Amino acid sequence: MDILYMREALKEAEKAYSIYEVPVGAVVVYEGEIIGRGYNQRETLNDPTAHAEILAIKEASKHLDAWRLLNCTMYVTLEPCAMCAGAIVNARIGRLVMGTRDPKRGCCGTVEDLTNHPKFNHRLEVEFGVLEDECSSIISDFFRELRENK
Ligand SMILES: [Zn+2]
């Protein structure tokens with residue numbers, strides 16, 4: 001099942017790719033159903049908070065009519081940054097499944113770990129490496145294309 005939902009997150013990342021945004025995608029799953037989707041739209045919306053995870057959380061909260069996403073799982077192609085990891089903790093998401101690590105910004109275990117901070121009142125289950133090759137190559141392809149088109 002993890003692979004299936006990560007494929008959906010990758011579809012979101014492809015939407016970002018097609019509009020020249022850094023291709024990151026996320027979905028939120030509740031009781032087997034996708035209730036939130038998002039892809040990075042930072043440039044399009046001129047909004048530094050318009051990351052895939054934030055947009056997916058907003059949609060999921062609207063769907064459940066609740067800010068707590070306790071029994072939800074988020075699937076995201078790239079390890080969330082500090083802002084998104086903070087939002088994930090604040091939304092009380094129960095489980096986080098990631099495609100690939102972000103060695104420069106990842107705050108779910110790589111650069112820093114906000115998902116299992118000993119002093120925070122919410123911790124969650126985290127998993128790395130679901131469809132890792134696809135999730136990392138979509139980003140490297142994007143940046144290669146960007147360099148070639150300069
Ligand atoms: Zn982020």
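In this predicted model, the side chain of Arg101 sits over the face of the Phe128 ring, 3.7 Å from the ring centre. One step along the chain comes Asp102, found in the loop that runs between strand E4 (95-100) and strand E5 (125-127). Loop or not, Asp102 counts as buried, at 7% relative accessibility. Its side chain reaches the backbone nitrogen of Lys104 at 3.0 Å. Setting aside neighbours within four places in sequence, the residues in contact with Asp102 are Leu78, Glu79, Thr110 and Val111.

Next up is the zinc ion. Three protein atoms act as its donors: ND1 of His51, SG of Cys81 and SG of Cys84, at 2.0 to 2.3 Å from the metal. Written as a sequence pattern, the spacing of these donor residues is H-x29-C-x2-C. How open are the two cysteines? Cys81 has a relative accessible area of 15%, so it counts as buried, the cut-off being under 20%. Cys84 is buried too, with a relative accessible area of 0%.

As for annotation, an unreviewed UniProt entry places the feature "domain: CMP/dCMP-type deaminase" at residues 1-127. In the model, this span is 34% helix and 23% strand, and the C-alpha atoms at its two ends lie 14 Å apart.

Then there are the aromatic rings. A pair of such rings is described by how far apart the centres are and by the angle between the planes. The count for this model comes to 3 aromatic pairs. One of them joins Tyr17 and Phe142 edge-to-face, with 5.5 Å from centre to centre and 80° between the planes. What does this pair tie together? Tyr17 belongs to helix H1 (residues 2-18) and Phe142 to helix H5 (residues 132-148), so the contact links parts that are 125 residues apart in sequence.

Phe142 has another ring partner in Phe143: this pair is also edge-to-face, at 5.2 Å centre to centre and with 80° between the planes. Are these two phenylalanines buried or partly exposed? Phe142 is buried, with a relative accessible area of 5%, whereas Phe143 counts as partly exposed at 33% relative accessibility. Put together, the ring pairs link Tyr17, Phe142 and Phe143 into a cluster.

Definitions and conventions
Residues are numbered from 1 along each chain as its sequence is written. This is a predicted model: local features need pLDDT of at least 70, side-chain atom pairs count only at pLDDT 80 or more; totals for chains, interfaces and linings use all residues. Side-chain values use heavy atoms; hydrogens and water are left out. Rings of Phe, Tyr and Trp (its six-membered ring) pair if their centres lie within 6.5 Å; planes under 30 degrees apart count as stacked, over 60 as edge-to-face and the rest as tilted. Helices (H or I, at least four residues) and strands (E, at least two) are DSSP runs, numbered from the N terminus. Buried means under 20% relative accessible area, exposed over 50%, partly exposed in between (1.4 Å probe, protein chains only). A charge sits over a ring if NZ of Lys or CZ of Arg is within 6 Å of the ring centre and within 35 degrees of the ring normal. Donors are N, O and S atoms within 2.8 Å of the metal (3.2 Å for Na, K and Ca); water is not among the atoms, so sites may look incomplete. UniProt positions are given in the numbering used here, feature names are shortened, and annotations may be inferred rather than shown by experiment. A polar contact is a pair of N or O atoms within 3.5 Å; within protein, one must be able to donate a hydrogen and the other to accept it, and residues adjacent in sequence count only if both atoms are side-chain atoms. Contact means heavy atoms within 4.5 Å.
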